[in-house]
Amino acid sequence: MKKLVLTGAAGRLGSYLRGPLSRMCEEFVSTDIAEAPADLAPNETYVKADLADLDAMVTLLEGADMVVHFGAIGDEAPFEALLGPNFIGAYNIWEAAHRNNLRRVVYASSIHAVGMHKKTDFIGTDAPHRPDTFYGLAKCFAEDLASLYWDKRGLESVCMRILSCAQVSNPRAVGTWLSYDDLIQLVQRAIDTPVTGFSVVYGVSDNDRAPVDNSKAHHLGYRPKDNAEQFAEMIFAENGPVDPQAPANTHHGGPFAAVELGNSGMAHLNLNSDDLGKT
Ligand SMILES: NC(=O)c1ccc[n+]([C@@H]2O[C@H](COP(=O)([O-])OP(=O)(O)OC[C@H]3O[C@@H](n4cnc5c(N)ncnc54)[C@H](O)[C@@H]3O)[C@@H](O)[C@H]2O)c1
């Protein structure tokens, strides 16, 4: 591939993806609203830009084959705070990709697009949208953009509904964990699968207790290698019994299903500090 663009490149997941993605293309362009990372790859150019600026996105995607879109506010927040980066930013990426004739958008969607489904429902990739927050609503909006731009403009997309890409630090994550190695494999397959049309896939490792079904995304060839069961005994012992009636435990969205609209869900996830720092 000649030119590949990664948004959200200064973020946590972007930091894990920059190296592997830079090796899949001749010219790698990484972008974020934050300052440039210190360790740019030899073929990497960094552009500081705001997703909410359509002209900047159109310029950024000039000559690109694909864009891997990870930039966003990654938590629940008031609608007005999400409107620029998560809603308008998503429109700008699909519109800029269309104007520049890109082949595909590979998108970091989220389980929170379907977070109000019950955990006891083993939902597939065709489960109807059921967002748990404004953050999840923005993921639904972007997935619908992906569907619309495929149907009307022939622009392919792979929407990866990531569950929990962080160290396993709470009982929910024993089911929802996506290891960093599996994240990299998932994004690589989303890029190098010859034909994807409009595809949806769950970003989850091969966990014994994974609560979602990826059988309709088999064509992507994503075969996760890691399994959070290795952490189960320790995590369950550390955390003790969970309340089986609490919405945070009964819904796919976990704590996001329980918070008031506009309030942080991440604050309730008990993430380790090394997962919250930039790597
Ligand atoms: N980490 C997870 O478990 C998880 C789960 C589901 C979905 N996701 C999605 O994956 C993506 C990356 O998540 P992350 O954990 O790395 O989050 P992160 O917050 O570390 O990274 C997001 C990046 O987007 C950038 N950004 C925010 N607003 C911007 C704007 N207006 N213009 C340009 N860049 C902007 C931020 O500066 C940040 O570097 C996000 O879209 C998130 O919603 C992550």
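The points below concern the nonpolar cores, one helix pair and one loop residue of this predicted model.

1. The largest nonpolar core comprises 29 residues, and those with the most contacts inside it are Leu21, Val68, Phe70, Met160, Leu183 and Val187. Two or more residues each come from strand S1 (3-7), helix H1 (12-22), strand S4 (66-69), strand S5 (104-110), strand S7 (156-162) and H6. The greatest contribution is that of H6, with seven residues.

2. Phenylalanine 70 merits separate mention. Beyond its neighbours within four places in sequence, it contacts Leu6, Thr7, Gly8, Leu13, Leu17, Ala108, Met160, Ile162, Leu183 and Val187. Among these partners, Met160, Leu183 and Val187 are also listed with Phe70 as having the most contacts inside the largest core.

3. A second core, separate from the one above, has 25 residues, including Met57, Trp94, Tyr107 and Ala142.

4. Helix H3 (residues 79-99) packs with helix H4 (residues 134-153) at an angle of about 15°, their axes lying 10 Å apart. The two helices are therefore roughly parallel to each other, and the crossing is right-handed.

5. On the H3 side, the residues that meet H4 include Phe87, Ala90, Tyr91 and Trp94; on the H4 side, those that meet H3 include Leu137, Ala138, Phe141 and Leu145. Classified by type, this contact has 15 nonpolar, two polar and two charged residues.

6. Threonine 193 lies in the loop between helix H6 (180-192) and strand S8 (198-203). Threonine 193 is buried, its relative accessible area being 8%. Residues up to four places away in sequence being set aside, Threonine 193 touches Arg104, His219 and Leu220.

How values were computed
Residues are numbered from 1 along each chain as its sequence is written. This is a predicted model: local features need pLDDT of at least 70, side-chain atom pairs count only at pLDDT 80 or more; totals for chains, interfaces and linings use all residues. Side-chain values use heavy atoms; hydrogens and water are left out. Axes are lines fitted to C-alpha atoms, for helices over the stretch in contact, and angles run from 0 to 180 degrees between N-to-C directions. Helices (H or I, at least four residues) and strands (E, at least two) are DSSP runs, numbered from the N terminus. Angles under 35 degrees count as roughly parallel, over 145 as roughly antiparallel, 65 to 115 as roughly perpendicular and the rest as oblique. A crossing is left-handed if the near helix is turned anticlockwise from the far one by less than a right angle, and right-handed if clockwise. Contact means heavy atoms within 4.5 Å. Ala, Val, Leu, Ile, Met, Phe, Trp, Tyr, Cys and Pro count as nonpolar, Asp, Glu, Lys and Arg as charged, and the others, Gly among them, as polar. Buried means under 20% relative accessible area, exposed over 50%, partly exposed in between (1.4 Å probe, protein chains only). A nonpolar core is a set of buried Ala, Val, Leu, Ile, Met, Phe, Trp, Tyr and Cys residues joined through side-chain atoms within 4.5 Å.
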